[in-house]
Each structure stands twice: as structure tokens, then as C-alpha cells.
There are 2 protein chains.
Amino acid sequence: MENKKKSTIKDIAAVLGLTPSAVSKALNDHPRISEKTKVAVKEAAIQLDYQPNYLSSALRKGKSNLVGVIIPRVNSHFFSSVVENIEKVLNLNGYNIIMTQSNELYAKECQEIDTLLKIQVDGIIASMANETTDLEYYQKIKSKGTQLVLFDRGEEELNVDYVGIDDYKSSHLVIDHLVSQNCKRIAHIAGFKHIRIYKERIRGYKDALEKSGLAAPENWIIESNLRLEDGRRIMQQLLDSPERPDAVYVAGDIAALGALQVLLENNIKVPEEIALIGFSDEPFTSLTQPSISTVNQHSDQIGKLAAEAFLERINNPKKKTINRIILEPELIIRQSSNRNLK
Amino acid sequence: MENKKKSTIKDIAAVLGLTPSAVSKALNDHPRISEKTKVAVKEAAIQLDYQPNYLSSALRKGKSNLVGVIIPRVNSHFFSSVVENIEKVLNLNGYNIIMTQSNELYAKECQEIDTLLKIQVDGIIASMANETTDLEYYQKIKSKGTQLVLFDRGEEELNVDYVGIDDYKSSHLVIDHLVSQNCKRIAHIAGFKHIRIYKERIRGYKDALEKSGLAAPENWIIESNLRLEDGRRIMQQLLDSPERPDAVYVAGDIAALGALQVLLENNIKVPEEIALIGFSDEPFTSLTQPSISTVNQHSDQIGKLAAEAFLERINNPKKKTINRIILEPELIIRQSSNRNLK
């Protein structure tokens, strides 16, 4: 394939009958430009295969035009989809991104932060590792004057822009649905309580059960790393317990897959004997037999909004207000919890 | 969780009864250290949660101790698993990695290369975008004196270290198995021929059919980007053709999933009426109904060997020979092609 001549801002302006300055402002989400024009300019940019000129961007004073993204792990559809959407928005606005993964380890996350600060990125967009409770390294990002935006896993005390879903409400959607399917003994395979999103899911689980007049015994809330093997181990433990649950709400899809494997190996009918619900809408949840009900976290929206939060902050350095954007979760009902369907 | 005191090389040495210098050499894969000792040291390093001291490493003359990894897309188990394994080896040896994705686009790949060169990484480990035919930017990496290792998708004319599997042989494994299942009209949903690995798979497909005395009409080799929608579109096209195939060999699992969806929507029995085989062993291939036969590309081995190739080169700058490491592919037979099983 030939290396085509790159389109410029002038080409976009010519196609749309705008001035190059208006196109540039639209690409940078300038408040003076209407939403309609912004959409038209960004669509034309994609059509014309416009590539921002990074080299000249890099010459702007003191900016690298690089944004570092730290995710717990690459091997997750949720995180890779967020990254994809961050990248779409930032590339159109003249920023390149580089990714690192913490592998859920605090020590590795600290190293990744040091690396990104050394490279002098203009900002860091991150979702915290499961292990992280000490916020010192995130404080360091702020103290160096590097922009910081958190998504999904982020702690309020850092007082930075945040994008995520309403985890408390997610649990209400899950429990209300399971109750409507006549489930009465609902266990929760949870994430670690020291992480805000998992704590919120646990709190929602308890409150929703209470609202429905159902018990939530403490030994039915089992915290873990939510890996496949955690789901397997804890599901086996629940099957071996004197009073089996008739439904299990798992705070992550991969652990839910592990739980499903154990249920099927034990010839337990899902959802008739035990209903199952996961979290995140990983693509495999629609492929299993039975397919797994789950909660959609809107990874596309989260990525787009996190990138826009960064842009707004870097373009208005004097902005004082902190944005906490909380999206509505969506319950996706599939075979594993729908007793009417089967 | 507390930030534990970091283990040092001295701690590892004490546990194993070695000198700190021997431990350091073992961690850096020094040729004077036996394989047995290297394994023991690396296991102890993991046990003791040893974290290399990046700061002092960075002070070594003219080195950033950063390695850039360019992959076509993050959202693939194959690529994310390769990255994970590159990272394991490099972290143990005092290097940090940063990732970028090309999204299969030539222009984006060029930008990513420029970014990594600007950051002054010590090396780049890459798998090329589908669009890339012009090797100018890869030549630029070499001309800047930055180490370059390619995996999976790499062109021989660049004359750099390469790790991949035997794609030609993979097709032989696939076709021989389909022939043993009594398939006689085998179509191939292929990748683009200008990429060496896909060209090799096509060549293997043709030669294996010829060896078995079967026809390989040119219109049964259909090239595409191998996305889900490509698999769907081409499968429909094959179903609408006057002589339907009785087996389809797809050069990528995601496209194979699209093909399977279309087959099931058309109530075609898989594998009885049409057998199906994909490529890469993405985890979802074992979850579909029927499960999809596929080719294991050994992502763990590829990542490990690519990282080791980089280390060998950076530790022996005068080394002249180029390593091309070609691994044996492995056919994984599942329900979608096994007519005896069902």
C-alpha cells in the first residue's frame, strides 16, 4: 500500500467550507464551536484520514503531547475498549497515547507511574490496581503538575476528575432482577472491599436484599481477586456449604465464567437450580452455554469521557471544579438468570 | 496494603547460597551461568517479589531501560498474551515496557514508531499492521541504532531477529485433518497476501490440497481483514455460491466466529455439513457451541523468545548473526471439525 499524502486541516476546511482556524478549534473541542460543526469536522477528519501533525505539536512550549494510560491488565475487553476510545478522542486532538499495565500489583503500578513521569507525559489516565491502597504515587503525579484522570477504579480522596458507573445502583438492578425470578438465597462473589467500586457493589447488594426482605448472611459475601480460579474455588465452596444459594451474583465476568464451569461440572441446572449474573459484559458472556447475564459498564462512553476530561483540563489549566461523571449501569439479561426464557 | 520493603539481589543470593554477582548475571541471562541456576534465581526472584531497581538502571550510560512494544491491536488474546510474556522476562531483567497499538493502520504505526524513538526506548518489539507494506519506518528504527525484534507479522527483508510459527506447516495440519474427516471441497477465508504469514498460510493450503489430490479453485481463496464482519460476509457469499464448500479454513479466530454465526443462522450442521477451523486459539473458541477447532500459535513462547532476543542483542551489540526462530504450530481439534466425535 502506498504511503498516501496526509490530509491537512486546510483540506478539511475546504471540504466543509469553513476556515482552517474553525476546523482547528473544532478538533480541539473549543467551546465557541457548535456541537453540530464539531461532529461534521470530526467525521470529515476520519473520512479524509487526517493525521494530526505530532512533530509541530511537540514543539508547543513544554508539552510532549503524550498521554500515558495505566490499566490493571490489557487482557480484558473492558479495559482494552476504554483504551481504544480514549485513543480515538486524543488522536483527533493531536495527542498520542502510550499504555502500561499494572498487572494488579502496587509495586508495578508505582514503577509505571515513574516511567510515565520520566517520559514527561502531559497527563495520565488510570484505573487502579487491585492491590493499591496507598495513594502516594498518585499524589506524586498531581504534585508534579501532570494532569490526572481516573476511571472505573478511583478513590475520591484524590480529588481528581473521575468517570465510572453507579456501582451501588448496579447491584440493585441485579438483585431486583434475581428476586423477580423468585431467587431467595443470593450469594455474592465480591471484589476486595478496600476498592471503592467493589465496596459500593457490596453495599448495594446488602441494601437491595434488605429492601426485598431477604437475608444477606456475612458468609455469603466472599471477597477475592475475581480471577477464573477464584470463581471456581468460591463456587465449589458455596456448593459444599450446608445451605446452598439459589443464585450467585459475581462482581466480575471472568470469575463468573469460573463459577459457571463448576456449576456445569456438577450437573446443576442454570438458571433453574442456581441463577448466575456477572459484571462487565465481556464478549465471551454471550458465547457460553448458557449465556451469562451481566452488567454493561459502557466502556466506550467511559473512554471518550475520560479523554475529554483530560482535554478540558489541559486546555483550561485554571479550572478549579472537579468532575465526577457517573454513568447509569445497564443490566443485560441472558439465559443464566432468566428462568422464564427457558 | 502496606508497601513492603523491596527484596534485593543480596536477598536472593542469601537464600540460594550464591554471590550477588552470580545472581545479577543469572538475571541478565549471562552465558557463563548454567540454565539450572538461572531457573532457580528467577524462581527465587518471583518468590521474594524482587523488583529491579529501575532508577539506578536508568543511570547506566545512555540507556532509558525502556522497551516499546507495538501491536496491531490490544483487543486480542494472542497479542495481549505475547505482551504479558515479553513483560515478564524484561521486568526481571531491569527493563520496563510501554505499549502502543497501530490499529492495523500504516499511518498510525509510523506515528507510534516516531513516539517511541522520541522517548528514546532502547528497543522496539513489534508485530506489523495489516496495512503496512512500506518498510521505511522500520528501517528508520534500525538506522537510529535502536534494537528491533519482530514477531508474528514480520518481513524477512528487514533482516532483524524474528519469532513466529511455521505458517506454511499450520495449513498442512489443518488441511490434512479436514481431509481425514472426509472433507473434499475446502474453502479458505484468508488474510491479505501482501503479509508474509498470510501468504504462507495460503501457499500451505494450496500445496496440502494438491498433495491430497483435491482442487483449490482461486475463487475459494478469499482475502480480507479477518474481522468478525469479514467472516460473516464471506461465509454468506460461500453459502450463496453454486457449489458450496463442505469445509472452511479461516486464517483468524474472530473471522471464524463470524462464519460460525452465519452457519448457525442458516441452520447448517457444523461439522456434519460444513466443518470449520480457525487460527490463534483465542479463548472464546472453546466456549462457542460447537467449540471451534483452531491452531495454537504459542503466544507465551513467542513473547518470551522475543524478549530474550532483544536482551541478547542489547547485551552483545557486536553480534552479527540474525535469529529467525520458527516454532511448531499445534492443531487443536474441537467440535467444529471433528465429525467422529459427534
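**Two copies, one sheet and a few unusual bonds**

B:Pro271 sits in the loop that runs between helix H11 (253-265) and S9 of chain B. A convenient place to begin in this predicted model is the bond that leads into this proline: B:Val270 and B:Pro271 are joined by a cis peptide bond, with omega about 10°. Chain B offers another such case, since the peptide bond joining B:Gln289 and B:Pro290 is also cis, here with omega about 0°. B:Pro290 belongs to the loop between S9 and strand S10 (294-296) of chain B. Strand S9 thus appears in the description of each of these loops, with B:Pro271 in the one between H11 and S9 and B:Pro290 in the one between S9 and S10.

Strand S9 also has a place in a sheet. In chain B, four strands make up an open sheet with the order S7-S6-S8-S9, and their pairing is parallel. The edges are formed by strand S7 (221-223) and strand S9 (275-277) of chain B, each of which pairs on one side only. On average, neighbouring strands of this sheet are turned by 15° against each other, direction ignored. Within the sheet, strand S6 (residues 186-190) of chain B pairs with S7(B) in the parallel sense, over three bridges. For readers following the structure residue by residue, B:Ala190 has B:Glu223 in S7(B) as its bridge partner. Helix H9 (residues 196-211) of chain B packs on this sheet, where it touches S6, S7 and strand S8 (247-250) of chain B. The direction of H9 makes about 175° with that of S6(B).

Another parallel pairing in chain B involves strand S1 (residues 66-71). Six of the six residues of this strand are buried, so S1(B) is largely enclosed by the rest of the structure. Its side chains can be followed in two sets: B:Leu66, B:Gly68 and B:Ile70 point one way from S1(B), while B:Val67, B:Val69 and B:Ile71 point the other way, and all are buried. The partner is strand S2 (residues 96-101) of chain B, which pairs with S1(B) in the parallel sense over six bridges. In this pairing, B:Ile71 stands opposite B:Gln101 in S2(B).

Backbone angles add two further residues to look at. A:Leu226 is not a glycine, yet has a positive phi of about 60°. The residue lies in the loop between strand S7 (221-223) and helix H10 (228-240) of chain A, and A:Leu226 counts as buried because its relative accessibility is 10%. B:Asn159, likewise not a glycine, has a positive phi of about 60°. That asparagine is found between strand S4 (147-151) and strand S5 (161-165) of chain B, in the loop. With a relative accessible area of 47%, B:Asn159 is partly exposed.

Anyone thinking about cysteines may like to know that the structure holds zero disulfides over all chains. Among the cysteines of chain B, B:Cys110 counts as buried, at 7% relative accessibility. B:Cys183 counts as buried too, at 2% relative accessibility.

Turning to the whole fold, chain A has 12 helices and 12 strands. The C-alpha trace of chain A spans about 70 × 45 × 40 Å along its principal axes. Of the 342 residues in chain A, 57% are buried. Contacts that link distant parts of the sequence are well represented: among those in chain A between residues at least 6 apart in sequence, 73% join residues at least 24 apart.

The two copies are related in a simple way. A turn of 180° and a shift of 0.1 Å along the axis lay chain A on chain B with an RMSD of 0.1 Å. That is the relation of a two-fold axis. In chain A, the C-alpha nearest this axis belongs to A:Met99, 2.5 Å from it. Both copies use the same surface, as 100% of the contact residues of chain A recur in chain B.

Finally, the predictor's own confidence deserves a word. The complex is given an ipTM of 0.75 and a pTM of 0.79. Chain A has a mean pLDDT of 90, with 94% of its residues reaching 70 or more. One stretch of chain A calls for care in reading: over residues 54-60, pLDDT stays under 50, and the model has 11 contacts beyond four places in sequence for them.

Note on methods. Residues are numbered from 1 along each chain as its sequence is written. Chains are lettered from A and ligands numbered from 1 in the order in which they are written. This is a predicted model: local features need pLDDT of at least 70, side-chain atom pairs count only at pLDDT 80 or more; totals for chains, interfaces and linings use all residues. Side-chain values use heavy atoms; hydrogens and water are left out. Copies are superposed by least squares on the C-alpha atoms of residues with pLDDT of at least 70 in both. Contact means heavy atoms within 4.5 Å. A disulfide is a pair of cysteine sulfur atoms within 2.5 Å. Buried means under 20% relative accessible area, exposed over 50%, partly exposed in between (1.4 Å probe, protein chains only). pLDDT is the predictor's confidence in each residue, from 0 to 100. Two strands pair if DSSP finds at least two bridges between them. Axes are lines fitted to C-alpha atoms, for helices over the stretch in contact, and angles run from 0 to 180 degrees between N-to-C directions.
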